[in-house]
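Work through the following exercises with the sequence and the coordinates at hand. Each task is followed by a solution in steps.

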Amino acid sequence: MNSETSPAPAVLEFSMRFTSSPRGARLARRLVSHRLDSWGHPYASTANESLTLIAAELTGNAVRHGHVSGRDFHLRLTGTADTLRVEVSDTRTERVPPLSSHEPPGDSESGRGLLLVERLASRWAVAPRVGGPGKTVWAELSISGQ
């Protein structure tokens, strides 16, 4: 091996399809937390708690706003030495979440989840779903220095 080249950074990955239901969203959230723990980010760590909360919001939105009858949502979790990333894909193309941070009315019972994602994540965005109709909402959490 040439001493001037360094090995590529290790990328950990977990990927799974879930039924587009509240139960599927709960299972996805639990598996994200479990996988992060197995990757060395204990349940009570900031990284695990933050990314699990982000995953809960994104999977909940996929079920609530991205549901297409008979279609599942897909979750992908990746990790490197300095970044954790969660991606949630659904097949609903026309319902894209706003990237602006506007507050919902004071007495509204919903509408604050993406504000939470924006505040917890290092960055997040929406992209067209690769390989099919729909979209992927992703969020990254920088863990370097934690």
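**Exercise 1.** Identify the bridge partner of arginine 17 in S2, and establish how S1 and S2 are paired.

Solution. Step 1: arginine 17 has histidine 74 of S2 as its bridge partner. Step 2: strand S1 (residues 12–18) and S2 run antiparallel and are joined by seven bridges. Strands are DSSP runs of E with at least two residues, helices are runs of H or I with at least four, and both are numbered from the N terminus. Two strands pair if DSSP finds at least two bridges between them.

The model is predicted, so local features require pLDDT of at least 70 and side-chain atom pairs pLDDT 80 or more, whereas totals for chains, interfaces and linings use all residues. Residues are numbered from 1 along each chain as its sequence is written, and side-chain values use heavy atoms, with hydrogens and water left out.

**Exercise 2.** Follow the sheet from S2 onward: what joins S2 to S3, and in what order do the strands lie?

Solution. Step 1: a hairpin of three residues links S2 to S3. Step 2: six bridges join S2 to strand S3 (residues 83–90), and the two run antiparallel. Among the bridge partners, leucine 77 is matched with valine 86 of S3, and threonine 78 with arginine 85 of S3. Step 3: the open sheet has five strands, ordered S1-S2-S3-S5-S4, with antiparallel pairing. Step 4: S1 and strand S4 (123–128) are the edge strands; each has a single partner strand, so one side of each lacks a neighbour in the sheet. Step 5: neighbouring strands of this sheet are turned by 15 degrees against each other on average, direction ignored.

**Exercise 3.** Determine how H1 and H2 lie on the sheet.

Solution. Step 1: H1 packs on the sheet, where it touches S1, S2 and S3, and its direction makes about 10 degrees with that of S2. Such angles run from 0 to 180 degrees between N-to-C directions, with axes fitted as lines to C-alpha atoms, for helices over the stretch in contact. Step 2: H2 lies across S2, S3 and strand S5 (135–142), at about 10 degrees to S3. Step 3: the buried residues of H1 are Gly24, Ala25, Ala28, Val32, Ser33 and Leu36. Buried means under 20% relative accessible area, exposed over 50%, and partly exposed in between (1.4 Å probe, protein chains only). Step 4: their cover includes S1, H2, S2 and S3. Step 5: H2 is mostly covered, with 14 of its 20 residues buried; strand S2 (residues 73–79) is also mostly covered, with five of its seven residues buried.

**Exercise 4.** Check the span of H1 against the value expected at 1.5 Å a residue.

Solution. Step 1: the expected span is 1.5 Å times one less than the number of residues. Step 2: for the 17 residues of helix H1 (residues 22–38) this should give 24 Å, and the end C-alpha atoms are 24 Å apart, which agrees. Step 3: just after H1, glycine 40 takes a positive phi of about 100 degrees.

**Exercise 5.** Describe the packing of H2 with H3: at what angle, and through which residues?

Solution. Step 1: helix H2 (residues 46–65) and helix H3 (residues 113–120) pack at an angle of about 145 degrees, their axes being 10 Å apart. Step 2: H2 contributes Ser50, Leu53, Ile54, Glu57, Leu58 and Asn61 to the contact, and H3 contributes Gly113, Leu114, Leu116, Val117 and Leu120. Contact means heavy atoms within 4.5 Å.

**Exercise 6.** Are threonine 91 and histidine 41 buried or exposed, and what does each touch?

Solution. Step 1: threonine 91, in the loop between S3 and H3, is buried because its relative accessible area is 12%. Step 2: beyond its neighbours within four places in sequence, threonine 91 is in contact with Gly66, Val68, Arg71, Arg129, Pro133 and Gly134. Threonine 91 and arginine 71 are 20 residues apart in sequence, and their C-alpha atoms are 7.2 Å apart in space. Step 3: histidine 41, in the loop between H1 and H2, counts as buried at 17% relative accessibility. Step 4: leaving out residues up to four places away in sequence, histidine 41 touches Leu36, Ala47, Asn48, Leu84 and Ile143.
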